[in-house]
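Me: I should like a close look at a single part of this model, with its surroundings explained in order. Please begin with any term that a first-year student would need.

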Amino acid sequence: MHQTFDAALELNLLHANQEGADHNRQHFDRWGITCLNIMSSPGAGKTVLLEQTLKALKAKFKMAVIEGDMTTELDADRLRQYDVPVIPINTGRSCHLDSKMVAGGIHTLEHQYNPTDLDLVLVENVGNLVCPAEFEVGEHAKVALLSLTEGEDKPLKYPVMFQEADCLLVTKTDLAPYLDIDLDRLSDNVRQMNPHVSIILLSAKTGEGLPVWFDWVGNCIEQNRLNRDKIIAIER
């Protein structure tokens, strides 16, 4: 858990981060972009999920990726082959992206591309099951991944990630026959933390659940457009 109050500066770090996240979201809204924050522990399958998503949806939506990594651009290089804008952010010793880092990515994106041409920005957060959920980056929705290899108890041991998620992707379901895991118990543990989260069982290897995920993304973009249109109508 991060320290939430800096006594020396009398500054609430999460409050300052939230202000930055709200500012980032204003940019996305002005450009008509939906932003999804993709979070998980290392190895749950975020990058392969993004590869499948870019491959399947790039003909329908104009997309870009803000790619968080502590030290390398290995994942960014994997995503660049899909011919979409990819903005890498190396966090150094930090275990998560925050709104200030993503603001830097947004400004880079703005300088290199026309952001009004985009429909969707996918933020791949640093692999960590705790901190990314505490620091908003300006997203419209949070997507958490939990692989079957991580076990049934993670929603109980790391509740914030699952409480904050709008959608939970249970990944690597093709491994279910080889693991001693109870999917019903896993789902019950998730529901204890967040009764309303959308749960999608998914295997990037076999394709199970990918069409459901693609529909969820499309519905999220459409709902965000409707909400934005309502706000514009009210302001007029």
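Reply: A residue is called exposed when its relative accessible area is over 50%, and buried when that area is under 20%. The model discussed here is predicted.

The part chosen is helix H7, which comprises residues 183-193. Just ahead of H7 is the loop between E8 and H7, where Asp-180 has its place. Asp-180 has a relative accessibility of 83%, and therefore counts as exposed. In sequence, Asp-180 and Leu-97 are 83 residues apart, while their C-alpha atoms are separated by 33 Å in space.

At the start of H7, Asp-182 makes a link to the backbone: one of its side-chain oxygens comes to within 2.9 Å of the backbone nitrogen of Asp-184.

Which residues of H7 are buried? They are Leu-186, Asn-189 and Val-190. Viewed down the axis of H7, the buried residues fall within an arc of 100°, and so they line one face of the helix. The spacing follows a general rule: an α-helix has 3.6 residues a turn, so residues three or four places apart point the same way. On the other side of H7, Asp-184 and Gln-192 are exposed.

What do the buried residues of H7 pack against? Their partners are two strands that bear the labels E7 (141-147) and E8 (167-171), together with helix H5 (154-157) and strand E9 (198-201).

Strand E8 deserves a closer look through one of its residues, Thr-171. With a relative accessibility of 4%, Thr-171 counts as buried, because the limit for that term is under 20%. Setting aside residues up to four places away in sequence, Thr-171 touches Ala-44, Leu-145, Leu-146, Ser-147, Leu-148 and Leu-202. Of these, Leu-145, Leu-146 and Ser-147 fall within the range of E7, a strand against which the buried residues of H7 also pack.

A residue from another helix may be set beside this picture. Asn-17 is found in helix H1, which covers residues 13-31. Its relative accessible area is 8%, so Asn-17 is buried. Apart from neighbours within four places in sequence, Asn-17 is in contact with Asp-98, Ser-99, Phe-135 and Glu-136.

To summarise, H7 has buried residues along one face and exposed residues, Asp-184 and Gln-192, on the other side. The buried residues pack against strands E7, E8 and E9 and helix H5.

Definitions and conventions
Residues are numbered from 1 along each chain as its sequence is written. This is a predicted model: local features need pLDDT of at least 70, side-chain atom pairs count only at pLDDT 80 or more; totals for chains, interfaces and linings use all residues. Side-chain values use heavy atoms; hydrogens and water are left out. Buried means under 20% relative accessible area, exposed over 50%, partly exposed in between (1.4 Å probe, protein chains only). Helices (H or I, at least four residues) and strands (E, at least two) are DSSP runs, numbered from the N terminus. The arc is that of the directions from the helix axis to the C-beta atoms. Contact means heavy atoms within 4.5 Å. A polar contact is a pair of N or O atoms within 3.5 Å; within protein, one must be able to donate a hydrogen and the other to accept it, and residues adjacent in sequence count only if both atoms are side-chain atoms.
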